[in-house]
Amino acid sequence: MNNFQEKLKSLRKEKGISQEKLADFLGVTFQAVSKWETGSTMPDITLLPDIARFFGITVDELLCVEAIDKDRLYAEFENKAEKHFRDGRYPEMLEVWQEAYHQLPNDIKVKEMLMSAYYDTDKIRYCKEIEELGNEIFSESTDSYYRGQVIREMSVTYAACRNMPLAEKWAAKAGIVHQVREKILSEIHSGNELLQDISFYTFWSFDNLFYMTVKAVCDGVLSRKESFEMAETAAKLFEVLYKNDEAGFETIRQMFRLHSLAAEYSDNEECAGYHLTRAFELAVRSPEISEHTLGLPLLYSWKIQNAPDNNFSMIETMLNEMQNSKGYSLWRNTVWFCKIMEELEKVIG
């Protein structure tokens with residue numbers, strides 16, 4: 001019923017037709033049309049062909065039969081792809097969205113997900129595919145989400161391919177930080193809507209802070225001391241927001257990464273030991289994460305998912321880095337460092 005009522009309302013407004021005019025054509029009262037659009041009632045089945053004819057569409061289109069089938073099919077592809085993504089199997093994820101695009105070539109959601117799959121798998125190798133899909137999506141859609149995704153992924157892809165003029169050209173299309181949608185909505189909403197705006201803005205602000213911090217630390221623009229200070233400061237901010245490690249798997253991974261970086265760039269043994277121990281605690285905590293809603297300040301009602309199937313990936317990453325990273329060379333022979341290594345090996349078994 002919801003699909004029909006929204007379709008009818010959308011068609012009528014799109015064509016600038018009043019409820020009274022549609023009612024006159026069908027020989028019913030305008031109150032009847034109003035009830036159809038609110039979902040209170042449905043029209044008699046014999047009226048469906050006349051309603052469809054009035055708007056120049058088929059009955060199936062009016063009842064959103066095709067849309068329902070597309071939504072179901074899209075959900076199937078999305079579930080498969082998300083499982084591969086969360087386990088870090090990007091080539092398999094890409095294959096899922098390539099098949100989705102083959103079956104739903106005009107679906108804007110599929111196009112955006114395929115573009116992102118190319119981007120996540122290998123943005124340099126698939127630069128041409130990202131470029132083609134990005135331009136197509138940007139010209140077709142006025143939705144801020146899809147256009148925003150295109151701007152970000154096109155910019156970073158061009159930069160990775162060493163085409164800075166185009167990278168900067170696309171970046172210039174984006175909005176500025178104090179004019180983002182969630183901030184503006186928070187100024188006009190109240191109640192639960194306000195809390196949702198704040199939690200959405202907070203989560204993604206910290207997500208962006210993480211990537212910006214890692215980029216700056218790994219870019220070589222900072223001194224060793226500055227790199228440590230930036231990583232440690234970001235880690236402290238995450239600790240304040242996500243109290244008692246109350247966070248989703250990806251956020252725990254980000255906190256783990258920030259503490260690991262702080263340990264790598266620290267020149268103080270006590271400080272390095274603290275950050276590496278915290279990274280270890282987060283890695284061990286990560287497989288236990290289950291789906292629930294956060295009750296943290298600034299994140300009320302934010303939902304997180306279960307840990308992925310490959311939930312020991314963080315522990316394996318930490319063990320590999322401790323064994324091979326040059327950043328840990330100062331601490332590799334200390335008692336506490338060896339103890340953490342032993343504990344990681346026990347966990348992995």
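**Overall form.** I counted the secondary structure of the protein first and obtained 18 helices and two strands. I note that the model is a predicted one. I then looked up the radius of gyration, which is 26 Å, whereas a compact globule of 349 residues would have a value near 20 Å. The C-alpha trace spans about 85 × 45 × 40 Å along its principal axes. I recorded 40% of the 349 residues as buried. Of the contacts with a separation of 6 or more, 58% are between residues 24 or more positions apart. The accessible surface comes to about 19500 Å², and carbon and sulfur atoms hold 53% of that area.

**Helix H13.** I checked the span of helix H13, residues 191-219. At 1.5 Å a residue, its 29 residues should span 42 Å, and the end C-alpha atoms are indeed 42 Å apart. I listed its buried residues, among them Phe203, Phe206, Phe210, Val214 and Val217. Polar residues such as Asp197, Thr202 and Asp207 are also on the buried list. I found that the cover over the buried residues of H13 includes helices H12 (181-188), H14 (224-241) and H15 (249-265). Glycine 220 follows H13 and has a positive phi, near 85 degrees.

**Cysteines.** I searched the whole structure for disulfides and found zero. For cysteine 218, the nearest cysteine sulfur is that of cysteine 271, 17 Å away; a disulfide would require the sulfur atoms to be within 2.5 Å. Cysteine 218 is partly exposed at 47% relative accessible area, while cysteine 271 is buried at 17%.

**Salt bridges.** My search of the whole structure gave 22 salt bridges. I examined several of them.

Aspartate 50 pairs with arginine 53, with the closest N and O atoms 2.6 Å apart. Both lie in helix H4 (residues 48-55), three residues apart, about one turn of the helix. Aspartate 50 is partly exposed at 28%, and arginine 53 counts as exposed at 55%.

Lysine 109 and aspartate 71 meet at 3.9 Å, N to O. The pair ties together parts 38 residues apart in sequence, because lysine 109 lies in helix H8 (residues 108-122) and aspartate 71 in helix H6 (residues 65-86). I noted lysine 109 as partly exposed at 26% and aspartate 71 as partly exposed at 43%.

Glutamate 281 and arginine 278 meet at 2.8 Å, N to O. They are three residues apart in helix H16 (residues 269-285), about one helical turn. Glutamate 281 is partly exposed at 38%, but arginine 278 is buried at 9%. I traced shared partners from this pair and found one network joining Glu239, Asp245, Arg278 and Glu281.

How values were computed. Residues numbered from 1 in each chain as written. Predicted model: local features only at pLDDT ≥ 70, side-chain atom pairs only at ≥ 80, totals over all residues. Heavy atoms only, no water. Helix = DSSP H or I, 4+ residues; strand = E, 2+ residues; numbered from the N terminus. Expected span 1.5 Å × (residues − 1). Buried < 20%, exposed > 50% of the residue type's maximum accessible area, 1.4 Å probe, protein only. Contact = heavy atoms within 4.5 Å. Rg over C-alpha atoms; globule rule 2.2 N^0.38 Å. Areas by Shrake-Rupley, 256 points an atom, 1.4 Å probe, with all protein chains shown as cover. Salt bridge = Lys/Arg side-chain N within 4 Å of Asp/Glu carboxyl O.
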